[in-house]
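Hi,

Here is the structure I promised to pass on. Have a look at it first, and my notes follow below.

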Amino acid sequence: MRARPLSPRRWDVAVLTLLFSFLYVPILIVVVFSFNDSRLVTVWAGFSTRWYGSLLSNRPLLDAALISLQIGLLSALIATVLGTWAAIALTRLGPFRGRAVLGAMVYAPLVMPEIITGLSLLLLFVAIGLDRGFWTITLAHATFSMCFVTVLVQARLLTLDKSLEEAAQDLGCSPLAAFWQVTLPLISTSVAAGFLLALTLSLDDLVVASFVSGPGATTLPMRIYGQARLGVTPEINAICSVLIGLVTLALLAASLLTKRDFAARRER
Amino acid sequence: MDCDRQFGSGRRPLAPWADPAVRPLIRIRNVERRFGAVTAVDNVSLDLFGAEMFCLLGPSGCGKTTLLRMLAGFEPVDAGSILLDEVDQAGLAPHQRQTNMMFQSYALFPHLTVAGNIGFGLKQQGLARPDISARVADLMTLVQIDGLADRKPHQLSGGQKQRVALARALACQPKVLLLDEPMAALDARIRAETQRELKQIQHRTGTTFIVVTHDQSEAMAMADRIGVMQGGRLVQVGTPADIYEHPVSRAVARFVGNINLFEAIVQGDNAAGEVVLTCPSIPCGLVAARPVGPLAPGQPVAVAVRPERMQVLSGRLTGAAPNVAHGVISAISYLGDLTVYSVRLADGVALTVSAVNDGRGTGQGLGWDAEVTVRFDPHSAMVLTA
C-alpha cells in the first residue's frame, strides 16, 4: 500500500517534534534574542553581545544573582544533609512509631502547590517572629527541596544490600563509622544528584521566595519578574539565557551522575 | 601442607563434646527469638567447642539463620543467654564481638578493591598499613586468590568473590566464624571442591566454624557435628554418622538422606533381643534392632531403612520370612555408580532401593514392571518413636 500517508514511525517523529518544539522554541527565542543588537525585543537588528556587557554593569541584577546563588548553595546543603538523614531513617530504622506517616509525608511537598507552601511558610515565620529576608528564603527553599533529596536517596538506599552495612559493623565499625565508610560512599552519587536538584529548584523559585522574602533580599527570579513587568528588555533575555545555561548544566550533571551510578551497578 | 593435616586420612579424631573436662567455647542456653506471634528460635541450648566445624542444618524458615545472626549480634536475644569464652554476649553490638560473619550474598564492599575488602577489619583495629598489607597477602595465599589484590568485586567470578568474603571474615582472627549458606551462590560443579577447601582452611586456622546450610549432603561432607533445626527447635545434635544412623525422629530421618519409613506396631522382643513388629506392608512382620529408649507392646512406631541397606532381588522369594516384601519396579534411575529402583508394594507403599553397580552384570532381570522381592537385615532397620 503505497498510498499510506504516514507510517506509525513517522507519526512518532512528528508528535515528538511538535512536543519538543512546544517545550523548547520559546526558550530558544529567549536565547536568540539575547544576542539581538536592538532595544526592541522582537525586532532582529543583527548579532551583538552588548546586553551581556551591560548586564555586568547592572548592579541590582548582579546583586540579586549573588543572593540567589548564596541562598541556592546554602539551602541545597541543608536540604541534602536533612534529606539524606530522613532517607536513612525511613529505610534503615525498621518499623518505628510514625514511620508510615513520615514516609507518606515526604511525598506531600512534591505535589503541594507552591503558593500554599509559600503562604504557610510566611504565616509560620510571622507567627514565630522571624525577620523576613535572606534566612527565611533559605529555610523555605531547604524545606521544600529536602523532599526531593529524600526521594532520590531513598530510592538508592532501597537497592543497597543491607548486609553491606552489617558486614562493616561485623568487621568492627560502629554504626556511625559504617555509615561514613560504606553507606555514604555507595550512595554518594545520589546524594550529589540530590544536591544539584535542590540547587536548581532554589535558583528557579519565584513564588515561595516572593512570599517569604523581606526588604533587601531580592532573588534573581524576583528581580527579573519585577523588571519584566515594566517591559522586557534584552538584558532580561541575557540574564535568562545565563540562568538557563546554569540550570541545564546542573540537571545534566545530576542525570549523568545517576546514570553512571546505575550503569556501574548493572555491571556488577 | 603436612601430611597429617591433610583432609581425610591421618586426621586426629576431634570429639571434645564427648569429653566432660573440655570447656565449651560457646554456651547457648535456652535462647529464644520471637517475631510477633512467630517464634523463630525456640528454646535452643547448645555447646560449641574450639576448632570445631559445626553445621546448622534445616529447611528454609527453620530459624537457623536467625540463630546465626543472634550469635553475630544482629538479632536480639528475647530469652536465654549466649556465652562466648564465659563472657555473656548480651548487650554487645556486632562490632564489639569476637565473631565474624561470612554473608550469603558475600556483601563485598563494591567501592573497595579485593585488598581493601580483606583489610577492612584490620584497618578498623588501627593496624599499621604495612602490617595490614602483609596480613592481607597471607590471607590471599590461604584462600588461593593471589594476584587479584587490585580487582574490584564486580570483576570477580562467583568462586573468587566467595574466597574474598572468606578471607575478609578470617582477617581479624575471630574466635568463631559464622558462615551463612557459604555455597548457595556457587555452581554445583565447584561446590564439592570448595567444601573440601573450606574444611582444610578451617582445619589450618583452627577457628571454630558455624555453617548454616539447608543442604544435607553439604553438612555431611563438612561438619564435625551437625545440629538439625526444625520449626525453630534444635531437634538433634550429633556427628554426621550419628544423625544418619540414629535419627531421633521421622522428620530428621526424612530430612537427612533418603529413607523408607514403615508405620508399624511393637509386638515384643525375640530371642536375639531384637524388636518384633507388625506392619501392613510386610506380611511376615518386621524385626529391627533395639533402640535406646523403652518400648511398650502395642506402641505405634516407624521403622526406617536406608535405600542402600535394602536388597532388591528378581522374582518372588518363596518361604515366609520377616523383613521381606514383594512388589513391582515402577521406576529405575541409572546413576552410573548406583542404580536406584522405585518399588511399589502390593498395598501401594512406594520404596526406594539403591544398588551398587559393582559388576557389569548387576541389575540383571530388574526391568520396569518386573516382579521383585525387597529384603533387609534387622540391624539395618531403625525404630523411631517420634
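**A covered strand in chain B**

In E7(B), Val176(B), Leu178(B) and Asp180(B) point one way while Leu177(B) and Leu179(B) point the other way, and all of them are buried. One thing to keep in mind throughout: this is a predicted model. The pattern itself is the textbook one, because side chains in a regular strand alternate between the two faces of the sheet. Strand E7 of chain B runs over residues 176-180, and five of its five residues are buried, so to speak of it as mostly covered is fair.

What sits on either side of that strand? Strand E6 of chain B (residues 99-102) pairs with E7(B) in the parallel sense, over four bridges. If you want a spot to zoom in on there, Met101(B) stands opposite Leu178(B) in E7(B). Strand E8 of chain B (residues 208-213) also pairs with E7(B) in the parallel sense, over five bridges. In that pairing, Thr208(B) in E8(B) is the bridge partner of Val176(B). To get from E7(B) to E8(B) the chain goes through helix H6 of chain B (residues 188-205), and this β-α-β crossover is right-handed.

Stepping back to chain B as a whole, its secondary structure comes to nine helices and 20 strands. The C-alpha trace spans about 80 × 50 × 40 Å along its principal axes. Chain B has 386 residues, of which 38% count as buried. Looking at contacts in chain B between residues at least 6 apart in sequence, 65% join residues at least 24 apart.

The domain assignment splits chain B into domain 1 (3-98 + 174-252) and domain 2 (258-384). Taken over C-alpha atoms, the centres of these two domains of chain B are 34 Å apart. Where they meet, four residues of domain 1 of chain B are in contact with four residues of domain 2 of chain B. On the domain 1 side, those residues divide into one nonpolar, two polar and one charged.

Then there is the other chain. How many residues of chain A are in contact with chain B? The count is 16 residues of chain A against 18 residues of chain B. On the chain A side, the elements giving two or more residues are helix H7 (162-170) and helix H8 (175-204) of chain A. H7(A) provides the largest share, six residues. By type, the chain A side divides into seven nonpolar, four polar and five charged residues.

Cheers

How values were computed. Residues numbered from 1 in each chain as written. Chains lettered and ligands numbered in written order. Predicted model: local features only at pLDDT ≥ 70, side-chain atom pairs only at ≥ 80, totals over all residues. Domains from an automatic or database assignment. Contact = placed C-beta atoms within 7 Å. Nonpolar A, V, L, I, M, F, W, Y, C, P; charged D, E, K, R; others polar. Buried ≥ 20, exposed ≤ 12 C-beta atoms within 10 Å, placed from the backbone. Pairing = 2+ DSSP bridges. Right-handed = clockwise from strand over helix to strand, strands pointing away.
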